[in-house]
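User: I have a structure to go through and not much background. Can you walk me through it in plain words?
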Amino acid sequence: MTVTDGKYIDQQQEIEQLRSELALARKGKEVSTLELYNSEERFALAMRGASDGLWDWNLETDEVYYSPRWKSMLGYKEHELEDQLSTWAAMVHPDDKDFVLDKAQKFLSNESDFFEVEMRMRHKKGHDIFVRSRAFKVTRGSNNETVRLIGTHVDITCQKKAELFDKRHTHILEMIAKGQPVGDIYNEIALMYEERHQGLRCSMLELNGTQLLHGGAPSLPDEYCKAVHGLEYGPEIGSCGTSTYTGKRVLVENIATDPKWKNLKAIALPYGMRSCWSEPIKSSSGKVLGAFGMYYNHPALPNEEESKDLISAARLAGIVMEREHNQKRIQDLAYTDELTQLSSRTHFYLNIDDLIKVCTRNKRKFGLLYIDLDNFKNVNDSLGHDIGDFLLQIVAQRLQQTCREIDYIARLSGDEFCIAVNDVESEYDTTHVAQRCLALISEPIELAGRKFTPACSIGIAHYPENGNSLQKILKAADTALYAAKELGKNRYAYYNNALTKKAEYRFKLEHDLREAIEKQQLTLVYQPKVDILTGKIIGVEALSRWKNPDLGHIEPCDFICTAEQIGMIKPLTEWVLYTACHQAMLWKKAGLASLRMAVNISPSHFLDNDLIPLVEKVIAQTGILPADLELEVTEGVVQTKQENLKIFEQLKALGILLAIDDFGVGYSSFASLKHLNVDFLKIDKYFIDDMMVDEKSKLLVSSMIEMAHNLEHKVTAEGVENAEQLAVLTALGCDTVQGYYFAKPVPAEQISQLLIENSLG
């Protein structure tokens, strides 16, 4: 025999093996009494350990074996039910019977790969329980003929009741929020608690002055409701009349003997009511508004669960009664997810609708993250729904940590969450939130004594690019979510595939650049600066380069900008400054001509308090002469602010040369230049290219050179690529040039050769 696929197959195989051994033992085929006892004991232990009810359907004889646990789950002793298929057929709910048989037939005919159903079955006491049934096939022969179907029953009544309660609770809150008739809401509240407790009947009475008025009691006889309607409350007026009078809970175990019911028991007893517990319904300020009553047909006092439900029912009814005076509280309850305390789906949808209107009016964007926990069903199935709920609460707390105050987060259903990222400047804003979600959610947690690492998948969409309505933006985010799961889960995906690749590139760039800077994996090249009159190399500019193993050569403008964004520009600058100065000293020690080493400093770092100490440290470590070090800054720092001027003064006091890079293309202020003690102005390549075809550009270059000389600054022209440009710059009186006409940026070894050749020439 072979056993095909099925849920919990290992456990069922073990049980089946034990059943086979037991059957063999009972046939007495060369088996001792001790072996028979051991077989029975091992089989019994396996069944108790499984805690499931077992059924074994022999398809050849149509006989069905039901284990003791299977029968006790339905309230029966082992001998009280016959081992026939008709036993199950008589006990399954009529509405579920055909569905279950159809699923079984499809499983047997191989139309379905597994058998798993949920159904209702009649308990001995008369109520229905919910059962989850799973099964596997037992086959034999070369053609794998199915001869038996073996399965388990698990009682999931508590889970189903909880789901039904939550569903009804949400429905009631929605009814309250929508302002539906109070009587309808009262009836729904009563039915919700009656479904939780077999045999319970509920009523709500409103207190109008000193009178008790019927509010709702769908399961109590109309005659009884009419009889209590209009009663004056007081200390001996049943359970509800007394609780509204005293403002305290009243528990009557036996209506027939309790003095508080002496004038009312004649009304209650004919309808089977034997016990009544009442909780006063109060407003948020503590004012008594009415009473919530629970009735049983037998003398009883509430257990812990019933006691808690009595309180919660009274509170829920109190919300209805106080609706007009406490609308905000009602909406909060209606729009809050009870488990996680996040906003509910309904509230979230309303907020997204409002956000769309605001963004449309103000031409703003927002991002939507659709989040789904990976493999959450496995947690529920293996550890239980209580543990699953605990995990959802932890995830909700972690997701809240990823959001700003202006963002909006909600639990949509089950293990699905949504975050609206407000005021999105670029797609990377939502990407950063998604990254934080992945990082925080994946932090290990202990569940039921086991270490567990949660994970999630995230779909990202943007308004208005991916949808201009609630339905469209949600669909786009949901589509992206499935794309993320298809890519392997535990990741995010954009609705736009191209954007997904762009974002992935961006984050890889950031991650790899941080690592490359920390491990000093970048390289430096050097471009010569030439005296325009003598043709001699008088200096070099150090330029950083980065070749990523996966992404290839990265443009300097890309990785330098990224270094600024991720806060790595300082360590990058420190490495470049030290490496360049150290190289300058190596050339000097090799007997080559003394060179000025030019290093670019970013505007943000230039204005940082750490710059001066850094420069002093590098000079001390490398031994370079301050006069041989030239720091280049873009003209964005050319301001007359005192703190800017102070940095220039401190650097000049060290004897360092200063140059304004890319002069003429940014925010140059001639008024500012007169306050700055700089040595060079570097004219941008744009003007050098343009002056050969545009007379105005040539005039501008001429004016910049003349102005710089008048302010006692020397001029360097960047991007010189041909002899014609060089001739014009020479005629205009430019001092220094650099560009491909002389040499491209090259490694240090080639600079050494260029210096040797230049000295000979």
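User: What share of the residues in the protein chain is buried?
Analyst: Buried residues make up 47% of the 761 residues in the protein chain. Buried means under 20% relative accessible area, exposed over 50%, and partly exposed in between, with a 1.4 Å probe and protein chains only.

User: Anything I should know about the model before we go on?
Analyst: This is a predicted model, where local features need pLDDT of at least 70, side-chain atom pairs count only at pLDDT 80 or more, and totals for chains, interfaces and linings use all residues. Residues are numbered from 1 along each chain as its sequence is written, and side-chain values use heavy atoms, with hydrogens and water left out.

User: OK. How many helices and strands does the protein chain have?
Analyst: The protein chain has 28 helices and 28 strands. Both are DSSP runs numbered from the N terminus: helices are H or I with at least four residues, strands are E with at least two.

User: What about contacts between residues 24 or more positions apart, what percentage are they?
Analyst: Among contacts in the protein chain with a separation of 6 or more, 61% are between residues 24 or more positions apart. Contact means heavy atoms within 4.5 Å.

User: Let's do the sheet. In what order do its five strands come?
Analyst: The order is 14-15-13-18-19, in an open sheet with mixed pairing. Strand 14 (408-413) and strand 19 (492-494) are the edge strands, each paired on one side only. Two strands pair if DSSP finds at least two bridges between them.

User: How far are neighbouring strands turned against each other?
Analyst: By 20° on average, direction ignored. Axes here are lines fitted to C-alpha atoms, for helices over the stretch in contact, and angles run from 0 to 180 degrees between N-to-C directions.

User: Which helix packs on that sheet?
Analyst: Helix 15 (residues 385-402) does, touching strand 13, strand 14 and strand 15. Its direction makes about 10° with that of strand 15.

User: And how many bridges join strand 13 to strand 15?
Analyst: Six, between residues 366-373 and residues 416-421, and the two strands run antiparallel. Ile-371, for instance, has Phe-417 in strand 15 as its bridge partner.

User: New topic: the largest nonpolar core. Which residues touch the most other members?
Analyst: Tyr-526, Val-599, Leu-631, Leu-651 and Leu-729, out of 76 residues in that core. A nonpolar core is a set of buried Ala, Val, Leu, Ile, Met, Phe, Trp, Tyr and Cys residues joined through side-chain atoms within 4.5 Å.

User: Which element gives that core its largest share?
Analyst: Helix 20 (residues 569-589), with ten residues. Helix 20 has 21 residues and reaches 30 Å from its first C-alpha to its last, close to the 30 Å expected at 1.5 Å a residue. The expected span is 1.5 Å times one less than the number of residues. Its buried residues include Trp-575, Leu-577 and Trp-587. Just after helix 20, Gly-591 takes a positive phi of about 85°.

User: Back to Leu-729. What does it touch?
Analyst: Not counting residues up to four places away in sequence, Leu-729 touches Ile-532, Ile-688, Met-691, Val-701, Ala-717, Val-720, Cys-734 and Val-737. Apart from the largest core lies another, of 32 residues, with Leu-369, Leu-373, Ala-396 and Cys-403 among them.

User: Ser-602 next. Buried or exposed?
Analyst: Ser-602 is buried, because its relative accessible area is 10%. Ser-602 sits in the loop between strand 23 (596-600) and helix 21 (603-606).

User: Which side chain does the side chain of Ser-602 make a polar contact with?
Analyst: That of Glu-564, at 3.2 Å. A polar contact is a pair of N or O atoms within 3.5 Å; within protein, one must be able to donate a hydrogen and the other to accept it, and residues adjacent in sequence count only if both atoms are side-chain atoms.

User: Lys-363 is not a glycine, so what is the sign of its phi?
Analyst: Positive, at about 55°. Lys-363 is in the loop between helix 13 (345-362) and strand 13, and is exposed with a relative accessible area of 78%.

User: Last one. Is the peptide bond from Tyr-463 to Pro-464 cis or trans?
Analyst: The bond is cis, with omega near 5°. Pro-464 lies in the loop between strand 18 (456-463) and helix 17 (470-486).
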